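Q: Please take a close look at one part of this model, and then set it beside other features of the chain. I would like a connected account rather than a list.

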Amino acid sequence: MEQHPADAPEHCPGTQSESAGKVSACAGCPNQSICSSGAANAPDPGIQLVKNRLSAVKHKILVLSGKGGVGKSTFTALLARSLASLDTDRNVGVLDIDVCGPSQPRVMGVVGEQVHMSGSGWSPVYVDENIAVMSIGFLLKGPEEAVIWRGPKKNQMIRQFLSDVDWGELEYLIIDTPPGTSDEHLSATTYLQGVNLDGAIIVTTPQEVALLDVRKEIDFCHKVKIPILGVVENMTAFVCPKCKTPSHIFPPNSGGAAKMAQEKSLRLLGQLPLDPRIARSCDEGLNPLAEFPDSPVVTAMDGLVKALLETLSARGDANGCAMDTS
């Protein structure tokens, strides 16, 4: 019978360690015999489970940023709502893998909802008829409960999110990630092997303190071979809702995302202004596209989505050509 790893102990030395299965922290762990025999170094069966589960998802997109506070979760929600509005017959999923700071339940207006388990897996929470959301926020006792987990438990949770959620047929699955280049990112990269990941969208703000960390995220993508679909500059300028005058709250002293994208040979998908009405609507879980259709953010999102779809189409054509010549 095939053995599957169970929950790792809190002080697990890691399956790659020479002491795996042999130290005191391993005593009583159901994985001890697997680790000590070296079987834990075999290919993770979760990779195939994820591949099977996501086979009905056409486009898989990561939203990344090395820097916190750049509006990554807000952008993810705006992108999901924008894509869903293009065709109500096409479904969009939002997967929040920020284990310690899940934001999507709040931003998408489904705080307090619960997920249900069925024979086909976890059922995500539906925001609209064609937008579904999954987040650890739905599994906590309350919005103020802290998740205090080490790497192995985060890894298992992300594997479950990717392999056990019954999305059905999706046109787009957008994966919202925490800042940085650590556990959650490595876990997602590992389990998304072989699922034809379209790539990552890198989100930043104009100032150099954000761009420094974002450059690290770009380097991470190159090292783990994640294609980069493009760069989004958020909070480019504050636009007064009354007089429509733009003001640069975060001055692009080094040229901002446009210059960085040029230096890195990446596409600048778009620049989103800062509209306080959009931030307020996300805090309240409302749909900014419907609430404030006159917002310059909505106009900018229209152009950004168009650029993204062009990039996805070009990538699909390139893959198709490669397949035809092989």
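A: Helices (H or I, at least four residues) and strands (E, at least two) are taken here as DSSP runs, numbered from the N terminus. With those labels, and bearing in mind that the model is predicted, Val111 can be placed in the loop between helix H4 (104-107) and strand S3 (116-118). Its relative accessibility is 42%, and Val111 therefore counts as partly exposed, the class between under 20% for buried and over 50% for exposed. Once residues up to four places away in sequence are set aside, Val111 touches Pro105 and Arg106. There is also a relation across the sequence, since the C-alpha atoms of Val111 and Phe138 are 7.6 Å apart in space although the two residues are 27 apart in sequence.

A second loop, between strand S1 (57-64) and H3, holds Lys67, and Gly68 has its place in that loop between S1 and H3 too. Lys67 has a relative accessible area of 26% and is partly exposed, while Gly68, at 40% relative accessibility, likewise counts as partly exposed. Leaving aside neighbours within four places in sequence, Lys67 is in contact with Pro179, Val209, Ala210 and Asp213. According to the unreviewed UniProt entry, a feature named "binding site" covers Gly66, Lys67, Gly68, Gly69, Val70, Gly71, Lys72 and Ser73. From this set, Gly71 and Ser73 are included in the lining of the second largest pocket.

The charged side chains offer another way to follow how parts of the chain meet, and the count of salt bridges comes to 16. One of them joins Arg53 and Asp166, whose closest N and O atoms are 3.7 Å apart. This pair links distant parts of the chain, 113 residues apart, with Arg53 in helix H2 (residues 45-53) and Asp166 in the loop between helix H5 (151-164) and strand S7 (170-176). Both ends are partly exposed, Arg53 at 25% relative accessibility and Asp166 at 27%.

Asp128 and Arg81 also meet in a salt bridge, with an N to O distance of 3.9 Å. Asp128 belongs to strand S5 (residues 125-128) and Arg81 to helix H3 (residues 72-86), so the pair ties together parts that lie 47 residues apart in sequence. The two ends fall in separate classes of exposure: Asp128, with a relative accessible area of 36%, is partly exposed, whereas Arg81, at 6%, counts as buried. Glu208 and Arg215 form a further salt bridge at 2.8 Å, N to O, and Glu208 is partly exposed at 29% relative accessibility. Salt bridges also link Lys58, Asp87, Arg90 and Glu171 in a network.

The cysteines complete this account. A disulfide is a covalent bond between the sulfur atoms of two cysteines, and a search of the whole structure finds zero of them. For Cys240, the closest cysteine sulfur is that of Cys243, 3.6 Å away, which is too far for a bond because the two sulfur atoms would have to be within 2.5 Å. As for Cys282, its relative accessible area is 5%, and this residue is therefore buried.

Notes:
Residues are numbered from 1 along each chain as its sequence is written. This is a predicted model: local features need pLDDT of at least 70, side-chain atom pairs count only at pLDDT 80 or more; totals for chains, interfaces and linings use all residues. Side-chain values use heavy atoms; hydrogens and water are left out. A salt bridge is a side-chain nitrogen of Lys or Arg within 4 Å of a carboxyl oxygen of Asp or Glu. Buried means under 20% relative accessible area, exposed over 50%, partly exposed in between (1.4 Å probe, protein chains only). UniProt positions are given in the numbering used here, feature names are shortened, and annotations may be inferred rather than shown by experiment. On a 1 Å grid over the protein atoms alone, a cavity is a set of points where a 1.4 Å probe fits but cannot get out, and a pocket is an open set with protein on both sides within 12 Å along at least five of seven lines; lining residues have an atom within 4 Å of a point. Contact means heavy atoms within 4.5 Å.
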